[in-house]
Structure formats: C-alpha cells, structure tokens
Amino acid sequence: MLSRVRVWLNRTYAENVFFMDQLRRNPSDRAVEIHATHGDPDSPVLAAADTADLEPEDLSPAAYVEYALDQCARRGIDVFVPRLHQASLVAHRAEFAAAGTALLAPTAEAVAVFEDKATAYEAVRSVGVPVPPWWRVRTTDELLAAVEELEAAGHKACFKPAAGAGGVGFRVITRSPFSLAGLDGFPSPYVQLDLVVEALRRAGEPVDWLVMPRLEQPEVSVDCLTGPDNHVRLAVGRTKNGRRRGFTLDERWLEPARLIAEGFGLHHLSNIQFRMLGDRPVLLDVNTRPSGGLHQLSLCGVNVPWAAVQLALGEDPGVIEPPFLGQDYTVVSGPRSLLPVPAGVPRQREAEISVPTAPVQAASAVEVLPL
C-alpha cells in the first residue's frame, strides 16, 4: 500500500483551494494530506487544509528559510509548493532534500531571471521569443520620453512595476483631463499623465517601472509542467477574451512557451502569458509558480496538480496529452469555508489552527461554469 503524501502550500492564493481539491481527488487514489500557512487568518486555504499555521510576520528571507525547514521537519512534508520567498527557498533546495522534502519549484537560476520583468524580457528575446517594446524608467524625464515614443508609434502607453505579480500596479496612461466621467461606474486602470508626473515629482525618489504599449486580447496563459530534465510534460493554453475563457493547443502560443520553460529551467509548474501586439503574439509575463487558474484544466480531463506532485516525488507521469479541450466557460465567485474566530481570541494568533467541523462561510474563491 502506498504511503500518504504530505503537501505544504505557503501563503498562496485563495484560488488554490481548487489545487488542494484536485490533489485529494487524484487519479492514483493516493492519500494526500495538506498543510497550509498564511499571514491572513481569513484565507480560505487555511480552512481547506488538513492542518494549518499562521505565519509569523516580518521574517527576513533568511529567517523564513529557517522557518520553512522547521515546518517541513515538524510536519513531515514530502512536497513543498513555495510562493512567498520562492527565490530564497529554492537556493536551499539541498537542505530541504536532506530533510526529506522535495521543492515543487523551478531552479534558482530560473527564479532569478524571471523575478525582474526587464531581465526576463532581455533573456527571452535572446532566444528568439518576441517581446513588446519596453522602457525601464525611474524618473519623470524617462517616463515622458517613453510615453511620447509609444504614442508617436500609435500605441497607448501603460506601466507596471518591474517586479511584481498579479497585475498589481498596472496602469494605462491617458492625456484626457480628469472629469466627472472618471467617477462613473467602477474604478478604471486609466490614470492621467499629468497626475503621474506630479506624483513622481512630489515623491522625490526614483521608481522602477516598465513602460510599454498596452497589449490587446486575447490573452493566452500557457500552463507548463516541465521535468528536471528540461523536457515539457504538458503545455496547454488558457485563452481569455473579456469574460469568455477557453483552451488552445495552437503552436503559436505553445512553441514559445516550451522554448522558455525548457531553455530556462522552469521545472515543475510555470505559467507563461502572451498577448497581441498588432497581429502577432508577444510575451506578457512569466510566473515561476502554479497559476491561480491551473485547476481550470480539469475541464480538459487532466489533473495537473497531481501530475506535478508525482514529478516532484520522482514518479514521472510522462508526457500528458489532454484527452479533449473543454468548452468555453466563464469564472464566477462562490462561497468557501473560513475558520471561525473564537470569542476573546485575537485574530492574529500564533497558535496552531485546527480545521473546525462547522466553519463559517464567505465568498472568497472562484468556481468555473460552462457558458
């Protein structure tokens, strides 16, 4: 009888409750126990786990590595899926292996390349993957020069932090003056150029932004599973065009994704995103971690989280071909369980969290439904 597998996810996205669900419903019928840690006691991944801890706040990367090694030893972790402090953790892969824990994460070299978007664009361009024109800006003058050059070429300019994830800090630049129209409806990603310039001047310190053209839809996120031998086991694109989502095996998207995953050591799970510049796909971003939407590939008849865990354990699942491509769908919110807050106990408590038998409910996760 095969032993149970103990998996740890640290400070991960709420959507990874579905990642956890898929591990438990694995086609090998293997027992899986999941440990989760987070800084937010109301993260639904804590309630979805078999055991959970609140993470201590304000640990340095080095201190977090020590914390993680202790968690793996105390909890008997077989596979660790790191998100927070990924770069520092993968640099200590050998120490985790000595403790009996496999890291489901890329090489340290790959994480270093893709932590910084400017470095990533330079690297992938050197191997022939198309990237958008971009400028790294730190000052007002550099920002204005980049915006003017993009606008002269007929593009809308946008900017985002050179390091970051999840679209945080992304803004589209407009020269239209601010008016009441900007207060109608929901908040917009558009920001007036004069306001950005004034904010930069008042700050009195440099920023670290990439300025580039606003790329058009469709957006295609290619989920890749890559072995330590640098061979891709699975690559499937998830298409996004407004609310409509779907799947693709079109080599226009998959070929450059494989080139990046295999060429840069993006072992285990990665997500490589493309958008359109005119009539051609260009790289948008590379995530060296499982994407929040990875579970959506279940609509194509594959359980990618479990295949990734098998690969981390040295049980190579081989090349995985989806038996079919799921129909178009959309993403909606739904309720997920949260841990209750006992009366008189501070919400940020250091004690171990035990999963309750009757948790409260909160709308904090996503479900996918066919259109």
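By class, which residues make up the lining of the largest cavity? There are six nonpolar, two polar and two charged residues. Keep in mind as we go that what you're looking at is a predicted model.

Let's stay with that cavity for a moment. Rolling a probe the size of a water molecule over the atoms shows where empty space is left. Here the count comes to two cavities of 30 Å³ or more, and the largest holds about 70 Å³ of space. Its walls come from L9, T12, Y13, N16, F19, V81, P82, R83, R289 and P290. If you pick out F19 in that lining, you'll also find F19 among the buried residues of α1.

That makes helix α1 a good next stop. Seven of the eight residues in this helix, which covers residues 17-24, are buried, so it is largely enclosed by the rest of the structure. The buried ones are V17, F18, F19, M20, D21, Q22 and L23. Note that D21 and Q22 are on that list too. Another buried spot is L283 in strand β15, residues 280-287. L283 has a relative accessible area of 0%. For a sense of scale, the C-alpha atoms of L283 and H38 are separated by 31 Å, with their positions 245 residues apart along the chain.

Strand β15 also takes us to open space, as it is one of the elements that supply at least two residues each to the lining of the second largest pocket. The others are α4 (86-90) and α6 (108-115). This pocket has about 380 Å³ of space and is lined by 19 residues. Go to its centre and the residues lying nearest are F114, E115, G164, A165 and T288. How does the lining of the second largest pocket divide into nonpolar, polar and charged residues, and how many are in each? It has eight nonpolar, five polar and six charged ones.

Now for the charges. Side chains of opposite charge can pair when their charged atoms come close. The count in this model comes to 24 salt bridges. Take E151 and R175, whose side chains meet at 2.7 Å, N to O. E151 lies in helix α8 (residues 140-152) and R175 in the loop between β8 and β9, so the pair ties together parts that are 24 residues apart in sequence. E151 is partly exposed at 29% relative accessible area, and R175 is partly exposed as well, at 48%.

R202 and E198 offer a local case: their closest N and O atoms are 3.7 Å apart. The two residues sit four apart in helix α9 (residues 193-203), so about one helical turn separates them. R202 is exposed, with a relative accessible area of 62%, whereas E198 counts as partly exposed at 37%. D250 and R252 also form a salt bridge, at 3.8 Å from N to O. Both ends of that bridge are partly exposed, D250 at 32% and R252 at 43%. Then there is a network, in which salt bridges link D116, R136, R138 and D208.

Over to the surface, and back to the loop that holds R175. F178 is also in the loop between β8 (171-174) and β9 (190-192). Together with L180, L183 and L195, F178 makes a nonpolar surface patch of about 470 Å². On the other side of β8 in sequence, G169 is in the loop between β7 (157-161) and β8. G169 counts as partly exposed at 26% relative accessibility. From G169 to P189 the C-alpha distance is 9.3 Å, across 20 residues of sequence.

Last, a few backbone details worth checking. Most residues other than glycine have a negative phi, and most peptide bonds are trans. Where is the cis peptide bond? It joins Q217 and P218, with omega about 5 degrees, and P218 lies in strand β11 (residues 216-226). As for positive phi values, D58 has one near 65 degrees and H268 has one near 70 degrees. Their settings contrast: D58 lies in the loop between β3 (51-54) and α3 (61-75) and is exposed at 77% relative accessible area. H268, in strand β14 (residues 268-277), is buried at 7%.

Terms used: Residues numbered from 1 in each chain as written. Predicted model: local features only at pLDDT ≥ 70, side-chain atom pairs only at ≥ 80, totals over all residues. Heavy atoms only, no water. Patch = residues over 30% accessible without salt bridge, like charges linked within 9 Å, V, L, I, M, F, W, Y side chains within 5 Å. Areas by Shrake-Rupley, 256 points an atom, 1.4 Å probe, with all protein chains shown as cover. Salt bridge = Lys/Arg side-chain N within 4 Å of Asp/Glu carboxyl O. 1 Å grid on protein atoms, 1.4 Å probe; cavity = no way out; pocket = protein on both sides within 12 Å on 5 of 7 lines; lining within 4 Å. Points joined across faces, edges and corners; volume = space filled by probe spheres on them. Nonpolar A, V, L, I, M, F, W, Y, C, P; charged D, E, K, R; others polar. Buried < 20%, exposed > 50% of the residue type's maximum accessible area, 1.4 Å probe, protein only.
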